[in-house]
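This report covers two sheets, one residue and one pocket. The sequence and structure come first.

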Amino acid sequence: MKVEKTAVSPTRQEDYPEWYQQVIKAADLAENSPVRGCMVIKPWGYALWENIKNVLDGMFKETGVKNAYFPLFIPKRFLEKEAQHVEGFAKECAVVTHHRLEATEDGGLVPAGPLDEPLIVRPTSETIIGDSFSRWVASHRDLPLLINQWCNVVRWEMRTRMFMRTSEFLWQEGHTAHATAQEAMERTLQMLHIYGRFVENYLALPVIQGEKSESERFPGAVNTYCLEAMMQDRKALQAGTSHFLGQNFAKASEIKYQSAEEKEEYAWTTSWGVSTRLIGAVIMAHSDDNGLVLPPKIASAHVALLPIVKKADDRAMVMEFTQAMARELEGRKYHGQSIVVEVDDRDTGGKNWDWIKKGVPLRVEIGPRDIAQNAVFVGRRDRSPREKESVSRDVFVGSIVSVLDEIQQNLFNRALDFRQEHTVAIGSRDDFYAFFTPKDQQKPEIHGGFALSHWCGNARCETKIKDDLSVTIRCIPFDGDKEGGPCIVCGQRSDKPVLFAKAY
Ligand SMILES: [Zn+2]
């Protein structure tokens, strides 16, 4: 059998983790920075984040959320206010201990001016936002308070991977305060469902929504809810979380209000976030051995126009045709935004492949012979690179919106089929261990996938699975089987199956 050469090497089959790095490089999304664990996001990658941000921001605002901005630095004593929060984040905090530099005799610089109280670079902002909320909330009339911020956070990571796990990353964190537990819980779930709609409809990624087990909860939360998506190596990726914080942070930060009955009460708070990890999820779930594949609704550009000029005499005519087409396409709307067109007029042979690697949904080759027939030569990123067809120019321009929608839907269906193919209900402990044990020790990343199995609720059983197989409970799904059965570890009764997987 002839093995077809791929644009990215190694392939997913050969070495999935390395394939992921090579896709990022080939698509020019980001690069490692001189600071360990941090990354430089390049324009093609940053455009994805801007698109994600714009859509989500609109969805938040529709529900009454307003944006604000809080400081990067948090006084150490703030972080100490909530015991579980401290425990959860202390080990990964960057700490600022000095406030200036002094020149040394040999021309170097040394930190000087130690701070009386060290400052923490925010790993998340519950405590500093809680401090503001304690001043903004006085009466029940000030509630609900619905705030979001778009910012960067730092969690000191030892093992990093671009977009998936970096020491500094971009995200949004929503923080709300409410008069009642019920209202706060409703908001927690409302935001989870907004994330669910966004990830499925825009990132073309099917997700399973549910609640985290106690050990996987956000430090300081009463309940944590999440979305879990399957990547092409069958591991789970947490695509977003929403936390019901009860009154824990309200008590730590003194967020109190006067009720209608003139009683002083603590507020009930929530927090919820998604990060640049979503870009990692898009790369891992949709891309192939020829590079990045972008869902049209968040793509950095929708179409690349590639004028092909072989003879100098043709140049003016081909470019004029291309520019006119670009202007017409840019005048069309796709889900509320203008179609984004890239015109690549370089005279290089490989430019078609460059755009395949960059994952642009549509590629259009335009040469003198096509123009003579008022046609263009179109390639779609959801199909094989060799599958290209001649389409009348006017038909292409007229149908671009429906073609982009079709690509978007194809990517979703493909991801859903893949997940269903690798999700199984497992009842016996032996089958469970076999499912999660790699068949080929050379490729430990290839294993079963998602298992729906019973768990009694005891942390000991959960830890046993984690220690033996590096498999964790991703969530207790809202939907699905509600039938009882014996715990996969101890055999004790459980109400319904939970979702087990290896995870990023
Ligand atoms: Zn058990």
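A residue counts as buried when its relative accessible area is under 20%, as exposed when that value is over 50%, and as partly exposed in between. The model discussed here is predicted.

## Thr-270

Thr-270 has a relative accessible area of 1%. With the cut-off for buried set at under 20%, Thr-270 is therefore buried. Thr-270 sits in strand E14, which covers residues 268–275.

Two polar contacts involve the side chain of Thr-270. One, of 2.5 Å, links the side chain of Thr-270 to that of Thr-176. Another, of 3.2 Å, links the Thr-270 side chain to the side chain of Trp-272. Leaving aside residues up to four places away in sequence, Thr-270 is in contact with Gly-174, His-175, Thr-176, His-178, Ala-184, Arg-187, Thr-188, His-243 and Leu-245. Thr-176 thus appears both as a polar partner and in this list of contacts.

## The 11-stranded sheet

Strand E14 belongs to an open sheet of 11 strands with mixed pairing, ordered E3-E7-E8-E14-E11-E10-E9-E24-E27-E23-E22. In that order, E14 stands between E8 and E11. The edges of the sheet are strand E3 (66–67) and strand E22 (423–425), each of which pairs on one side only.

Strand E24 (residues 472–477) is antiparallel to E27, and three bridges connect the two. Within this pair, Cys-475 lies opposite Leu-499 of E27.

## The second largest pocket

Which elements give two or more residues to the lining of the second largest pocket? They are strand E9 (208–211), helix H12 (393–421) and strand E27 (497–501). E9 and E27 are also members of the 11-stranded sheet.

The volume of this pocket is about 320 Å³. Its lining consists of 16 residues, and those closest to the centre are Ile-208, Leu-452, Pro-477, Asp-479 and Gly-480.

## The three-stranded sheet

Another open sheet has three strands in the order E4-E6-E5, with antiparallel pairing. Strand E4 (73–75) and strand E5 (95–103) are its edge strands, each pairing on one side only. On average, neighbouring strands here are turned by 45° against each other, direction ignored.

E5 and strand E6 (residues 109–121) run antiparallel and are joined by seven bridges. Val-96 is placed opposite Leu-119 of E6. In general, the strands of a sheet pair through hydrogen bonds of the backbone, in either a parallel or an antiparallel sense.

How values were computed
Residues numbered from 1 in each chain as written. Predicted model: local features only at pLDDT ≥ 70, side-chain atom pairs only at ≥ 80, totals over all residues. Heavy atoms only, no water. Pairing = 2+ DSSP bridges. Helix = DSSP H or I, 4+ residues; strand = E, 2+ residues; numbered from the N terminus. Axes fitted to C-alpha atoms, helices over the stretch in contact; angles between N-to-C directions. Buried < 20%, exposed > 50% of the residue type's maximum accessible area, 1.4 Å probe, protein only. Polar contact = N/O pair within 3.5 Å; in protein donor to acceptor, adjacent residues only side chain to side chain. Contact = heavy atoms within 4.5 Å. 1 Å grid on protein atoms, 1.4 Å probe; cavity = no way out; pocket = protein on both sides within 12 Å on 5 of 7 lines; lining within 4 Å. Points joined across faces, edges and corners; volume = space filled by probe spheres on them.
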